[in-house]
Amino acid sequence: VEDTLAIGQKNGPVVLYDFLGNQLRKFPKETERVSSIAYLPDGQSFAAYNGASVFIWDVATATQIRGLQ
């Protein structure tokens with residue numbers, strides 16, 4: 001999804017914003033305490049690391065594609 005920014009929080013889920021600052025969606029509880037986020041080359045998904053696991057999320061649907069422990 002073009003022109004979006006995913007932000008992880010210490011005490012909350014990942015939140016997706018557009019570049020005007022509008023909140024587009026919150027991701028599920030599994031994204032809480034994320035310390036790193038990286039968009040994948042396709043631009044349609046991102047990887048989120050919580051200190052123990054990496055989860056791949058679909059940006060458009062906020063669904064988990066894969067989890068790596």
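Okay, let's start with burial: of the 69 residues in this protein chain, 32% count as buried, where buried means under 20% relative accessible area with a 1.4 Å probe, counting protein chains only. Before I go on, this is a predicted model, where local features need pLDDT of at least 70, side-chain atom pairs count only at pLDDT 80 or more, and totals for chains, interfaces and linings use all residues. Residues are numbered from 1 along each chain as its sequence is written, and side-chain values use heavy atoms, with hydrogens and water left out.

So what is the chain built from? It has seven strands and zero helices; strands here are DSSP runs of E with at least two residues, helices are runs of H or I with at least four, and numbering starts at the N terminus. The radius of gyration is 11 Å, close to the 11 Å from the globule rule for 69 residues, so the chain is as compact as a globular protein of that length. That radius is taken over C-alpha atoms, and the rule is 2.2 Å times the number of residues to the power 0.38. Along the principal axes, the C-alpha atoms fill a box of roughly 35 × 25 × 15 Å.

Now the sheets. One is an open sheet of three strands, ordered β1-β2-β3, with antiparallel pairing; two strands pair if DSSP finds at least two bridges between them. Its edge strands are β1 and β3 (23-26), and each pairs on one side only. On average, neighbouring strands in this sheet are turned by 25° against each other, direction ignored. For that, axes are lines fitted to C-alpha atoms, and angles run from 0 to 180 degrees between N-to-C directions.

Look at the start of that sheet. β1 (residues 4-9) and β2 (residues 12-18) are joined by five bridges, in the antiparallel sense, and they make a hairpin with two residues between them. You can spot Thr4 with its bridge partner Asp18 in β2, and Leu5 opposite Tyr17, also in β2.

Then there's an open sheet of four strands, in the order β4-β5-β6-β7, again paired antiparallel. Which strands stand at the edges? They are β4 (36-39) and β7 (64-68); each has a single partner strand, so one side of each is left without a neighbour in the sheet. The twist here averages 20° from one strand to the next. β4 runs antiparallel to β5 (residues 45-49), with four bridges joining them, and Ser36 stands opposite Tyr49 in β5.

Notes:
Buried < 20%, exposed > 50% of the residue type's maximum accessible area, 1.4 Å probe, protein only.
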